[in-house]
Amino acid sequence: MPVAISVEEYHGPLGVFRSQEQRAGNNGGIPMSDLQPKAEEGRYTVHHHHHRERPGHDYAEDVITVQGVQPHHKTSYGETLMHLFKGNIGTGCYAMGDAFKNGGLVLATLLTVLLGFVCVHCQHVLINCANLMAERRRQDQQQQQQQQQNQVNAPVQAAGGASHEQPPDFADTVGLCFEYGPPSVRRWAPTMRAAVNIFICVTQLGFCCIYFVFISSNFKQIADRHGFELDVHLHMVLLLVPIVLTSIITKLKFLSYCSLTANVFMTFGIGITFYYALQDLPSPSERNYVGRVDQLPLFFGTAIFAFEGIALVLPLQNEMKNPNDFRKPFGVLNLGMVFIVALFTVFGFIGYLKWGEAVEGSMTLNLPDNEMLAESVKAMIATGVLLGYALQFFVAIMIMWPMVQKRLTIARTHPVRSEMAFRVLLVLVTFLIAECVPKLSLFISLIGAFCSSALALMFPPVIELIVAYSTPECKPSRWMLLKNALILLLAVLGFATGTYESVSKIVAEL
């Protein structure tokens, strides 16, 4: 689940925060106590001081995504397109062969394209709602400032100004839609904002659990080939050391190096896996065209896991030089997702056609054991995923740690040691969960059905309806009601059946 967050650093005397605008001038600072409400509203802030290790570049202004750390500068059309690819193409791509095994060659192809279309539509809905809420919030701030000015009969200078307000992220957008919605739903605004953050955290930590299983499964095959036969659980134990070491990294510069290496490995891995999958393909008649009904929920969970990149779209749009280029008909989102949907469909189709019922939860596990090229692919992809663990983990930490720090005295008196202990504890939690669920394909389906379906398919239609009902003189059309009802029905069915089937099969595997 890709997510992106901006990281801020304080400059100046201890206990004083200087915004970017204030650093450019000599306006003094804002007491950090004045910034606490932002943390309570779900803003993700880091309280470390990241040293500038490259002259002229402020690492504190970098943007963290689950696929890497991007410099805080306005991106072009091409740069944003590359970020979209990196944010959506990962371990889910390698699981599409297993998804097609559950759905069948023909049915899975049709459903993958349909699900991709629905996910892109929901991403557009989120973008439209975010833009509306940003404008509504800006108007409210201007009205409040005007009222204050009228009361004191003098200009009022707001700290930072309304024009410098941060664009809403996923959780803020959902919260604002409820806050500005009909009176009956406004009290749910804090709950829904928190719910989005909870789903994001569970998704990110679920990714981390999947990474444990993914990496250990690939390294086990390599080790077995060379005579070092160990149980997959022991491989997970051995992985604890490098994963803990990368997870306690807090400097953005080092995380960006991990991200760059991981992306290079993943790109080579996809290309070489395609090369092996295209060798000596059997006839399509040897495969199932339509999967069994009881397997379709597993298809849904795996496919939605691969497509769940909705939390990435708002940060990518906000970082563009021309944000309108992101959502227009031939913009970044539509063009990029057409390529991603096509890649997932072809990759899944070819993978199932090549290996049939023997296709694994990661198609790298189907590569030959006796060829150096195949082993190098497994090593590269496993290492790339290992380096990407810290980035997935970082997003959950950014949401959870401020809440922990606010509630525990020791976390405030010893912030560095406490955060390191908290990070190690969360790594151990993901390790223990991965040890209990060693079946990679079922784990991917579970995370997709339980978390990704909520983020990608439930929240967007709900907030679109709330926004439509928030205007007294305007009600949603019948088409909007029907369309959103169908999307919610798909999401609920996928959530319920996918979670049930995944948990049932996981329990049976234990």
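Student: What makes the crossing of α11 and α18 left-handed?
Tutor: A crossing is given this name if the near helix is turned anticlockwise from the far one by less than a right angle, and is right-handed if the turn is clockwise. α11 passes α18 in the left-handed sense. The model is predicted, so local features need pLDDT of at least 70 and side-chain atom pairs count only at pLDDT 80 or more, while totals for chains, interfaces and linings use all residues. Residues are numbered from 1 along each chain as its sequence is written, and side-chain values use heavy atoms, with hydrogens and water left out.

Student: How do you know whether α11 and α18 are roughly parallel or roughly perpendicular?
Tutor: Helix α11 (residues 296-307) and helix α18 (residues 440-469) pack at about 65 degrees, with axes 7 Å apart. Axes are lines fitted to C-alpha atoms, for helices over the stretch in contact, and angles between N-to-C directions run from 0 to 180 degrees. Under 35 degrees counts as roughly parallel, over 145 as roughly antiparallel, 65 to 115 as roughly perpendicular, and the rest as oblique. The pair is therefore roughly perpendicular. Contact means heavy atoms within 4.5 Å; the residues of α11 that meet α18 include Phe300, Gly301 and Ile304, and those on the α18 side include Gly448, Ser452 and Leu457.

Student: Why is the arrangement of α8 and α15 called roughly antiparallel?
Tutor: The axes of α8 and helix α15 (residues 372-407) cross at roughly 160 degrees and come within 8 Å. That angle therefore makes α8 roughly antiparallel to α15. This crossing, too, is left-handed.

Student: What makes a set of residues a nonpolar core, and which helix gives the most to the largest one?
Tutor: The set must consist of buried Ala, Val, Leu, Ile, Met, Phe, Trp, Tyr and Cys residues joined through side-chain atoms within 4.5 Å. The largest such core has 129 residues, and Phe170, Phe212, Phe344, Leu457 and Phe459 have the most contacts inside it. Helix α8 (residues 189-225) gives the most, with 16 residues. Leaving aside neighbours within four places in sequence, Phe344 is in contact with residues including Cys93, Met96 and Phe307.

Student: Why is Cys93 called buried?
Tutor: Buried means under 20% relative accessible area, exposed means over 50%, and partly exposed lies in between (1.4 Å probe, protein chains only). Cys93 has 0% relative accessibility and therefore counts as buried; Cys451, also at 0%, is buried as well.

Student: How do you know how many disulfides there are?
Tutor: A disulfide is a pair of cysteine sulfur atoms within 2.5 Å. The search of the whole structure finds 0.

Student: How are His235, Thr497 and Asp280 classed, buried, partly exposed or exposed?
Tutor: His235, in helix α9 (residues 232-247), is buried because its relative accessible area is 9%. Thr497, in helix α19 (residues 478-509), has 32% and is therefore partly exposed. Asp280, in the loop between α10 (252-277) and α11, is exposed because its value is 71%.

Student: What makes Asp280 noteworthy in its phi?
Tutor: Most residues other than glycine have a negative phi. Asp280 is not glycine, yet its phi is positive, near 50 degrees.

Student: What counts as a helix or a strand here, and how many of each are there?
Tutor: Both are DSSP runs numbered from the N terminus: helices are H or I of at least four residues, and strands are E of at least two. The protein chain has 19 helices and 5 strands.
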